[in-house]
Amino acid sequence: MRRAVGVVLAGAALALTGCSEHQPEVTFYADGQSTAAAPMVYCDEIVSDCQDQGPPIDLDVRPGQPVQISLPSEAVDTPWVIIVQYFNPETGEETLEQEAFTDGQRYAYTATPPTDQDRVAVVEIQQIGAAYAADQEGTPLADEDGQPQLVARAVWSLQNSQN
C-alpha cells in the first residue's frame with residue numbers, strides 16, 4: 001500500500017521543456033543494493049523551467065531495514081527536505097517523518113524504520129527553489145504561521161517494491 005507523498009510545485013507557472021542541463025542524482029542504498037536516481041522533476045532555481053523525468057526508483061527493502069540516502073552537492077548547497085513514509089504490513093499502520101536541512105552540511109540521511117516490522121515504503125527528497133507558491137493573481141500562499149509556502153525545484157523518490 002504505497003502512497004505518494006506531497007510535492008509543492010508552482011502549478012500553472014511550470015513549463016516542461018527538454019533542456020539538457022545536468023541533473024544531479026541521489027543514491028539510495030538498502031539491503032545490500034544500491035541505485036542512483038535521477039530526479040522525477042527538475043526545475044531551474046526560480047521554478048519557471050521544469051523537466052519531468054519519470055517515475056520513482058523501485059528498491060526492495062525488507063521490514064526493519066534502513067535506507068541510506070546520499071545527496072550530491074548540487075542538492076545540499078540549497079535547503080532540502082526529506083519525507084519518509086513507513087508501512088507496517090502486519091497492522092496496516094503508516095508513519096510519516098519529515099525533516100528539513102538548511103545548513104549546506106548534510107550530504108547523507110539514514111531512514112530507519114520505527115520497529116522491526118515496519119518497512120521504508122517511500123522516500124522523497126525535495127530540493128527547495130528560490131520561489132514561493134502563489135494564487136492566480138500572484139498573491140503568495142501562506143502557511144498556518146503566515147510564512148510563504150516554498151516550492152520544490154527538484155524531487156527524487158524511492159518506492160519500496162515490497163509494499
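Is C50 buried or exposed? In this predicted model, C50 counts as buried, because its relative accessibility is 0%, and buried residues are those under 20%. The cysteine to which C50 is joined, C43, has a relative accessibility of 1% and therefore counts as buried too. The two are linked by a disulfide, with an S to S distance of 2.0 Å. The link of C43 and C50 is right-handed, with 105° about the S-S bond. The structure holds one disulfide, so a reader who has found C43 and C50 has found it.

Next comes the nonpolar interior. The largest nonpolar core has 25 residues, and those with the most contacts inside it are F28, I69, I82, V123 and I125. Several elements contribute to this core: the strands β1 (26-30), β6 (67-70), β7 (80-87), β9 (108-111), β10 (119-132) and β11 (150-160), together with the helix α1 (73-76), each supply at least two of its residues. Among them, β7 gives the most, with four residues.

F28 is a good place to start exploring this core on screen. Leaving aside neighbours within four places in sequence, F28 is in contact with Q33, S34, T35, A37, L59, V67, Q68, I69, V123, I125, S157 and L158. This list includes I69, V123 and I125, which are also among the residues with the most contacts inside the core.

A second core, separate from the one around F28, has seven residues. C50 is one of them, and A131, A133 and V151 are also included. C50 thus brings the account back to its beginning: this buried cysteine belongs to the second core and is joined to C43 by the disulfide.

Key: Residues numbered from 1 in each chain as written. Predicted model: local features only at pLDDT ≥ 70, side-chain atom pairs only at ≥ 80, totals over all residues. Heavy atoms only, no water. Core = buried A, V, L, I, M, F, W, Y, C linked by side-chain atoms within 4.5 Å. Buried < 20%, exposed > 50% of the residue type's maximum accessible area, 1.4 Å probe, protein only. Contact = heavy atoms within 4.5 Å. Disulfide = S-S within 2.5 Å.
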